[in-house]
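Me: I would like a close look at the sheet in this protein, and at what packs against it. Please take me through it in one connected account.

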Amino acid sequence: MARTVSIYDADPDFRKDPKTNDWCWRCQKDLKPGQARRHVRIVAGGMELAHPADMEAFDNTPGDCGCFPVGADCARKMKKLLGDDFTFDLIA
Ligand SMILES: [Zn+2]
């Protein structure tokens, strides 16, 4: 079984309005160019986070929303909240 968690377990805050096209998925704060970041894979139509080890299971599935950047601080907080690291480095 591919592991997922509800996005709400990561305690996201979607109230902010990003001013640029480069923002943190979890807090919606804009990321500065070159700012340290991780990524998350959003699946199930935006409702779940896929575990990095199981991401291939979601390729070409309905509801796969793709990868989004997360700031380094939020990545740390998510790891604490979820008890596992659901963020990853995107290899360019
Ligand atoms: Zn953030």
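Reply: What follows goes through the sheet, then the helix, and then the core.

The model is a predicted one, and its protein chain has one helix and four strands, which follow one another along the sequence in the pattern β-β-β-β-α. Within the sheet, which is open, the four strands take the order β1-β3-β2-β4, and their pairing is antiparallel. Because β1 (4–6) and β4 (66–71) stand at the edges with a single partner strand each, one side of each is left without a neighbour in the sheet. On average, and with direction ignored, neighbouring strands are turned by 40° against each other. At the β1 edge, three bridges join this strand to β3, the two running antiparallel, and here V5 stands opposite L49 in β3.

The helix α1 packs on this sheet, where it touches β1, β2 and β4, and its direction makes about 105° with that of β4.

As for the core, the largest nonpolar one has 15 residues, and those with the most contacts inside it are V40, L49, V70, C74 and M78. To this core β2 (37–43), β3 (48–50) and α1 (72–82) each supply at least two residues. M78 deserves a closer look: leaving aside its neighbours within four places in sequence, M78 is in contact with A10, R26, V70, F86 and T87.

For the protein chain as a whole, 25% of the 92 residues count as buried, and among contacts between residues at least 6 apart in sequence, 62% join residues at least 24 apart.

Key. Residues are numbered from 1 along each chain as its sequence is written. This is a predicted model: local features need pLDDT of at least 70, side-chain atom pairs count only at pLDDT 80 or more; totals for chains, interfaces and linings use all residues. A residue is buried if 20 or more other C-beta atoms lie within 10 Å of its own, exposed if 12 or fewer, and partly exposed in between; C-beta atoms are placed from the backbone. Two residues are in contact if their C-beta atoms, placed from the backbone, lie within 7 Å. A nonpolar core is a set of buried Ala, Val, Leu, Ile, Met, Phe, Trp, Tyr and Cys residues joined through C-beta atoms within 7 Å. Two strands pair if DSSP finds at least two bridges between them. Axes are lines fitted to C-alpha atoms, for helices over the stretch in contact, and angles run from 0 to 180 degrees between N-to-C directions.
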